[in-house]
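Subject: The structure for you to look through

Hi there,

Here is the structure I said I would pass on to you. Have it open while you read, and the notes below should be easy to follow.

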Amino acid sequence: MASFPYRALDTNSHEIRILEFSLDIEESRGVGSKLKPRFRGTLKHVSLINTEPYTALSYCWGDLSSDEFLRLDSEGAQVRSIAITENLHQALLAVWERRGEKQELRIWVDALCINQSDLYERIQQVQMMRQIYSRAEEVLAWVGPIAGTAPSPAIERSLRKMQMAIHQPTLSADQALSSISDSMLKSEDEWDAMISFFNKEYWRRVWIIQEITVASTVTMLYGAVEVSWDVLVPVLRSLVKRSAHRLGEQGINMGGIGASHLLRFREHWIDTNKPISILQAMTWTTHTKATDPRDKIFALLGLCHDGFRIVPVPNYKQSLKSIISEMSRLSFSLYRSLDLICIRGAGTKSQDPAEIPTWAPNWPSLWSSPYITSLEKLIFQSPKSFDFDPVLTTSTTSVLRVKAIYVGSINRISSSLERHTQSTQLQNSPKPYIFSTENLRKELDGATKEHVRVRLLIWRTLTMDCLGVDIRADEIDECFTSLWTPQGRGSIYNTQIINWLDSNAWFKIGPWTIREWSQLQARVAENQGVWSSSFLRPMAGRVNAEITERRRIEAWDATNQALEHVLGSGMRLAEWNHVLEKRPKTVNFMIGLVNPHTRSSDGVFFLRGCSVPVVLRQIASDTYQVIGGVWLTDRYTGYLEQFREKFDVPYRAEVVVLDLV
């Protein structure tokens, strides 16, 4: 079919096109008595400054190969048949069937109202998208047709049940909405049906976020079923809450429900009027989809208070690499922080600097696999800001130039936790060595109080200090002491954690293996009178045995959850010799948690403007790739303060300028 001769829009008047369409009787002929509806429409130019009421359509384009068409004219232009997708045709049909007495409908549809072959117009209309949907009298969201196979019939029944419940005369609107959520989710069939509904392809389209968020009234169309967005919200909230509790996954999406991110956007935009940053928006939408990956950014700009400051113009002539590089550099300067430099993701594929510079957040990786490490989750939640611009003025779109101090080189690194699969099995468990772990107490010579402190640091690092305030110190100590013993092995319920413990039992930190460190405190206590859980055991006999057992179970539950949270996110335990000024009676090595792509011999640096140390990999003189951030327990705060003091002293030899690529 020939392309349509669009007339140019007047950008000074904020013009858009509105489709006025009706049933095309001439073309709506089928075989025999069956009528195949087709439509005919006219594109009218209107100004958003002052326009008559119109409806905006939110939908997925769907499969582009289709034999559907719409006969179109543009205020006097020759009528032409324009190809449209099957999904758009079905959406227009659903809209038409709810028209009531109207013989013609006014609607805004992106595929028809924007000249898709005009790159300049697309850029200009993208910038107006928020106004187009916010000024619409109603936004109709076409989720899709109802298929004849499962789970579509169950979804239809559930949605119709909502329609009936909201119109009960004996209940207020709030009571009806609460009743819908409570009653529906008591049934596993309805639970599964609504999970399937909210995971439809429509909900994962990135452009619908803005379309639904800014709309004053949203009506969802699923086949012939029509439900208000406000009716769906309490059900969606309950699904997200239950699903998140069940899954407990390490990704950034809320509970694995495709539509869950819309709750956050609507809450910020409508309910609380809280500003949304581009970082928040991109974090919430890693699981969404777009035909053009650049739309994963452009579709969010109109919702974010800093969107057009960080990406001034949504330019489709600009490469994805250039867009991410430029927006990252601008955000580092705008928010005076390099913390986002640590966002690499926990996917199996490391970042290719030919695609995206390693100093920019690895968004393409997060889009394909939205798993992040526990440290990255903390950074996403609360990046730190400083009182200076950390980006040196000689930086470019491909090279980030920063000030840094070398801390040390990675000596050893533990293995990663194997991701759960159906084939995950114990590796010849139980290992014979666990029966002799307690004998190690007799073999550890030369232990000092400083070593006892290091032992505590190892355990606090391995659990990222997230065992909880309700767990006593002696209970925490007991768990670490027992990890590589038969008693402790029976208290670990995750086979992946057991396999990790077996694989890393001989991981060396300083003079001893981690398994030996677990037994160290008891040995020191016997020789020097240092506090130990072994001294506290007799006290247990003075308290109720049932309470003691309950607290022991709670301590092990906290231990299991902490290890799953940390190791399950992909983080690895690392040890390196530091080059800081050595304090009396202290060890010269440090321990921390690092990104899964870290290697032995990678360097640990402190960057001016980054709140955590960073692992860098040298590729040339003073040129490095970013591997990820380092989590250190707060017991290392004193060491970190040494770094900050050195940055403030002019001409310190330790401070160097690095090029990150």
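How many bridges join S14 to strand S17 (residues 623–631)? Two bridges join them, and the strands run antiparallel. One thing to keep in mind as you read on: this is a predicted model.

Let me stay with S14 for a moment. Strand S14 covers residues 589–594, and six of its six residues are buried. Phe589, Ile591 and Leu593 point one way from the strand, while Met590, Gly592 and Val594 point the other way. The residues of both sets are buried. On the S17 side, valine 594 stands opposite valine 630. S14 also pairs with strand S13 (residues 572–578), again in the antiparallel sense, and here there are six bridges. If you want a spot to click on, try alanine 574, whose bridge partner in S14 is glycine 592.

Now for the overall picture. The protein chain has 24 helices and 18 strands. It has 661 residues, and 54% of them are buried. If you take the contacts between residues at least 6 apart in sequence, 74% join residues at least 24 apart. The accessible surface of the chain comes to about 29,600 Å², and carbon and sulfur atoms account for 50% of that.

Next, the inside. The largest nonpolar core has 190 residues, and the ones with the most contacts inside it are Phe198, Trp203, Ile297, Ile341, Leu607 and Leu660. Helix H9 (residues 229–247) gives this core its largest share, eight residues. Leucine 660 is a good residue to zoom in on. Leaving out residues up to four places away in sequence, leucine 660 touches Ile341, Trp359, Ser398, Val399, Leu400, Val402, Leu607, Leu616, Tyr624 and Val626.

Two helices are also worth a visit:

- Helix H14 (residues 320–334) has 15 residues and reaches 21 Å from its first C-alpha to its last, close to the 21 Å expected at 1.5 Å a residue. Its buried residues are Leu320, Ile323, Ile324, Ser325, Met327, Ser328, Ser331 and Phe332. These buried residues pack against helices H11 (278–284), H12 (295–298), H13 (307–310) and H15 (363–368), and against strand S10 (400–413). H14 is followed by arginine 336, which has a positive phi near 50 degrees.
- Helix H10 (residues 261–271) has His261, Leu262, Leu263, Phe265, Arg266 and His268 as its buried residues. Just after H10 comes asparagine 273, with a positive phi of about 55 degrees.

Finally, the charged pairs. Side chains of opposite charge can pair when their charged atoms come close. The structure holds 27 salt bridges, and I picked out three for you.

Arginine 106 forms a salt bridge with glutamate 20, and their closest N and O atoms are 2.9 Å apart. This pair links distant parts of the chain: arginine 106 sits in strand S6 (residues 105–108) and glutamate 20 in strand S1 (residues 15–23), 86 residues apart. Is glutamate 20 buried or exposed? Glutamate 20 counts as buried because its relative accessibility is 12%, under the 20% cut-off.

Glutamate 68 forms a salt bridge with arginine 38, with the closest N and O atoms 2.7 Å apart. Here too the pair links distant parts of the chain, 30 residues apart: glutamate 68 is in the loop between strand S3 (55–58) and strand S4 (69–73), and arginine 38 is in the loop between S1 and strand S2 (39–47). Glutamate 68 has a relative accessibility of 1%, so it counts as buried. Arginine 38 is buried as well, with a relative accessible area of 12%.

The third pair is arginine 237 and aspartate 271, whose side chains meet in a salt bridge at 3.9 Å, N to O. Arginine 237 lies in helix H9 and aspartate 271 in helix H10, so this salt bridge ties together parts that are 34 residues apart in sequence. At 44% relative accessibility, arginine 237 counts as partly exposed, whereas aspartate 271, at 51%, counts as exposed. As a last stop, look for the network in which salt bridges that share partners join Glu20, Lys44 and Arg106.

Happy exploring!

Key: Residues numbered from 1 in each chain as written. Predicted model: local features only at pLDDT ≥ 70, side-chain atom pairs only at ≥ 80, totals over all residues. Heavy atoms only, no water. Core = buried A, V, L, I, M, F, W, Y, C linked by side-chain atoms within 4.5 Å. Buried < 20%, exposed > 50% of the residue type's maximum accessible area, 1.4 Å probe, protein only. Helix = DSSP H or I, 4+ residues; strand = E, 2+ residues; numbered from the N terminus. Contact = heavy atoms within 4.5 Å. Pairing = 2+ DSSP bridges. Expected span 1.5 Å × (residues − 1). Salt bridge = Lys/Arg side-chain N within 4 Å of Asp/Glu carboxyl O. Areas by Shrake-Rupley, 256 points an atom, 1.4 Å probe, with all protein chains shown as cover.
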